[in-house]
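Please walk through the model shown below, beginning with its overall make-up and then turning to a few individual residues.

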Amino acid sequence: MANTKKLSKEDRKKAKRTARKKKATETPLKPRDYPRGSKKPKVKKLVRGQSKR
């Protein structure tokens with residue numbers, strides 16, 4: 001991204017947004033090959049302790 005020091009706050013926000021959008025279209029993420037949330041550690045209810053109650 002270019003130097004945004006001299007821009008106003010609104011112009012900075014616009015520049016950042018366009019840079020984000022440009023990056024998203026240039027380098028799209030590959031689709032995941034595993035179900036969403038399947039890699040989360042499974043925790044038994046008893047282990048959670050106080051947060052369960």
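In this predicted model, the secondary structure of the protein consists of two helices, with zero strands. The overall dimensions can be read in two ways: the C-alpha atoms fill a box of roughly 55 × 30 × 15 Å along the principal axes, and the radius of gyration is 21 Å, whereas a compact globule of 53 residues would have a value near 10 Å.

The surface figures may be set beside these dimensions. Of the 53 residues of the protein, 4% count as buried, where buried means a relative accessible area under 20%. The accessible surface comes to about 5,900 Å², and carbon and sulfur atoms contribute 56% of that area. As for charge, the protein carries 23 positive and 4 negative side chains, and a distance of 14 Å lies between the centres of the two sets.

Helix H1 covers residues 9–26, which makes 18 residues, and its span from the first C-alpha to the last is 26 Å, close to the 26 Å expected at 1.5 Å a residue. Is this helix buried or in the open? Because the number of buried residues among the 18 of H1 is zero, the helix lies largely in the open.

Lys16 is a residue of helix H1, and since its relative accessible area is 44%, Lys16 is classed as partly exposed. Along the chain Lys16 is 33 residues from Gly49, and the C-alpha atoms of Lys16 and Gly49 are separated by 44 Å.

Leu7, in turn, belongs to the segment before H1, and with a relative accessible area of 35% Leu7 is also partly exposed. Which residues does Leu7 contact once its neighbours within four places in sequence are left aside? Under that condition Leu7 is in contact with Arg12 and Ala15, where contact means heavy atoms within 4.5 Å. Leu7 can also be compared with a residue further along the chain, namely Lys40, for which the separation is 33 residues in sequence and 43 Å in space, taken from C-alpha to C-alpha.

Methods. Residues numbered from 1 in each chain as written. Predicted model: local features only at pLDDT ≥ 70, side-chain atom pairs only at ≥ 80, totals over all residues. Heavy atoms only, no water. Helix = DSSP H or I, 4+ residues; strand = E, 2+ residues; numbered from the N terminus. Expected span 1.5 Å × (residues − 1). Buried < 20%, exposed > 50% of the residue type's maximum accessible area, 1.4 Å probe, protein only. Rg over C-alpha atoms; globule rule 2.2 N^0.38 Å. Areas by Shrake-Rupley, 256 points an atom, 1.4 Å probe, with all protein chains shown as cover. Lys, Arg positive; Asp, Glu negative; His and termini not counted. Charge placed at Lys NZ, Arg CZ, Asp CG, Glu CD.
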